[in-house]
Amino acid sequence: MTKSDLIQELTHRQPDMSQRDVELAVGLLQKTIVRELAEGGRVEIRGFGSFSVNHRPARRGRNPKTGAPVDIPEKYVPHFKPGKALAQRVDNDE
């Protein structure tokens, strides 16, 4: 499902909200999560999951084509951990 598919689905489920209002709400939610993670914070949505930032330290890797050693710099990556309710729902729907 893409962002536009999500907006369409929410618009159909909430006929009292205009598509424009749904677009603004989805965009605001996305921007808020991104801003909080960029500041090193954490976002938890009960029953859904939590978004956090993981640190990956610098390390030495290898170029898969040549086998030459390559220095990989440290970086911060976003991480999502599903909540218990979401994990159970996905597992039972398989």
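Here is a walk through this predicted model, from its sheet out to its surface.

Let's start with the open sheet. Three strands make it up, in the order β1-β2-β5, and the pairing is antiparallel. The edge positions go to β1 (43-45) and β5 (75-82); each has a single partner strand, so one side of each is left without a neighbour in the sheet. Going from one strand to the next, the twist averages 30°. Between β1 and β2, three bridges hold the antiparallel pairing, and if you look for E44, you'll find S50 of β2 standing opposite. Helix α2 (residues 19-38) packs on this sheet and touches β1, β2 and β5, with its direction at about 35° to that of β2.

Now zoom in on S52, which sits in strand β2 (residues 49-56). Is S52 buried or exposed? Its relative accessible area is 16%, and the cut-off for buried is under 20%, so S52 counts as buried. Setting aside neighbours within four places in sequence, S52 is in contact with L37, G41, R42, V77, P78 and H79. Of those, L37 belongs to the stretch of helix α2 (residues 19-38), while V77, P78 and H79 fall within β5 (75-82).

Next, the charged side chains. How many salt bridges does a search of the whole structure find? The count is four. One of them links R42 to E44, with the closest N and O atoms 3.0 Å apart. E44 also meets R46 in a salt bridge, at 3.1 Å from N to O. R46 is exposed at 73% relative accessible area, whereas E44 is partly exposed at 40%.

Another salt bridge takes us to a hairpin: R60 pairs with D71, and the closest N and O atoms are 3.3 Å apart. R60 is in strand β3 and D71 in strand β4, so this pair ties together parts that are 11 residues apart in sequence. Both ends are exposed, R60 at 57% relative accessibility and D71 at 56%. Back at E44, salt bridges with shared partners join R42, E44 and R46 into one network.

As for the hairpin itself, strands β3 (residues 59-62) and β4 (residues 69-72) run antiparallel and are joined by four bridges. R62 has P69 of β4 as its bridge partner. Six residues lie between the strands, and G67 takes a positive phi near 80° in this hairpin.

Last stop, the N-terminal end. L6 is in helix α1 (residues 3-13) and is partly exposed, with a relative accessible area of 32%. Together with M1 and L10, L6 makes a nonpolar surface patch of about 300 Å².

How values were computed
Residues are numbered from 1 along each chain as its sequence is written. This is a predicted model: local features need pLDDT of at least 70, side-chain atom pairs count only at pLDDT 80 or more; totals for chains, interfaces and linings use all residues. Side-chain values use heavy atoms; hydrogens and water are left out. Patches are made of residues with over 30% relative accessible area and no salt bridge: like charges are joined within 9 Å, nonpolar side chains (Val, Leu, Ile, Met, Phe, Trp, Tyr) within 5 Å. Accessible areas come from the Shrake-Rupley method with a 1.4 Å probe; for residues, only the protein chains shown count as cover. Helices (H or I, at least four residues) and strands (E, at least two) are DSSP runs, numbered from the N terminus. Buried means under 20% relative accessible area, exposed over 50%, partly exposed in between (1.4 Å probe, protein chains only). Two strands pair if DSSP finds at least two bridges between them. Contact means heavy atoms within 4.5 Å. Axes are lines fitted to C-alpha atoms, for helices over the stretch in contact, and angles run from 0 to 180 degrees between N-to-C directions.
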